[in-house]
Amino acid sequence: MKPYIHKVNYYETDKMQVTHHSNYIRFMEEARVDFLEQLGWGYDKMEAEGVVSPVISVTCDYKRPTTFPDVISIAVTVASCTSVKLTLSYIMKVKDTVVCKGTSSHCFLGKDGKPLFIKDAYPELYRILIESTHPDA
């Protein structure tokens, strides 16, 4: 998979000219949307199919600060996937330096808000996610 690239905008920094910590969660979302599009199952397709995938948890481990106008490369991998839960792993780098590591976990729900077992309901999506699971994530 191709990493997602985000250039730090001036407005994303604080008074100390450091990227505000809350922005890394947004960067993870941007990278997740891109990752799913690369897999052929972007949010627009999932929602059209009746699949909703809300965030149920997020972790973010800051390693080094970033500033305007750093370019952050964000690698996304599937850490784990079950029929009802997906966990993604994010590694953010500026050049070769890791600046942040994170995860996000998501459940799968149908339009009715009830748990959706994608292994049964959408076997193609489940297969793609399982095949994308990184053993070291």
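## Exercises: salt bridges and surroundings

E30 and R26 form a salt bridge, with their closest N and O atoms 3.7 Å apart. The model is predicted: local features need pLDDT of at least 70, side-chain atom pairs count only at pLDDT 80 or more, and totals for chains, interfaces and linings use all residues. Residues are numbered from 1 along each chain as its sequence is written, and side-chain values use heavy atoms, leaving out hydrogens and water.

**Exercise 1.** Place the pair E30 and R26 in helix α1.

Solution.
- Start with the term. A salt bridge is a side-chain nitrogen of Lys or Arg within 4 Å of a carboxyl oxygen of Asp or Glu.
- Next, the spacing. E30 and R26 are four residues apart in helix α1, so about one helical turn separates them. Helices (H or I, at least four residues) and strands (E, at least two) are DSSP runs, numbered from the N terminus.
- Then exposure. E30 is partly exposed because its relative accessibility is 22%. R26 is partly exposed too, at 36%. Buried means under 20% relative accessible area, exposed over 50%, partly exposed in between (1.4 Å probe, protein chains only).

**Exercise 2.** Analyse the salt bridge between R127 and E131, then find the network that holds R26.

Solution.
- The closest N and O atoms of R127 and E131 are 3.0 Å apart.
- Both residues sit in helix α4 (residues 123-131), four residues apart, so the separation is about one helical turn.
- R127 is partly exposed at 41%. E131 counts as exposed, at 56% relative accessibility.
- Turn to the network: salt bridges that share partners join E12, R26 and E30.
- The structure holds four salt bridges.

**Exercise 3.** Describe the salt bridge of K63 and D61.

Solution.
- The closest N and O atoms of K63 and D61 lie 3.0 Å apart.
- K63 has a relative accessible area of 38%, so K63 is partly exposed.
- D61 is partly exposed as well, at 39% relative accessibility.

**Exercise 4.** Map the surroundings of Y62.

Solution.
- Locate Y62: strand β2 (residues 55-62).
- Check exposure. Y62 counts as partly exposed because its relative accessibility is 38%.
- List contacts (heavy atoms within 4.5 Å). Leaving out residues up to four places away in sequence, Y62 touches H21, Y24, V99 and C100.
- Look at H21. The backbone oxygen of H21 lies 3.0 Å from a polar atom of the Y62 side chain.
- Compare G42. The C-alpha atoms of Y62 and G42 are separated by 27 Å, with their positions 20 residues apart along the chain.

How values were computed
Polar contact = N/O pair within 3.5 Å; in protein donor to acceptor, adjacent residues only side chain to side chain.
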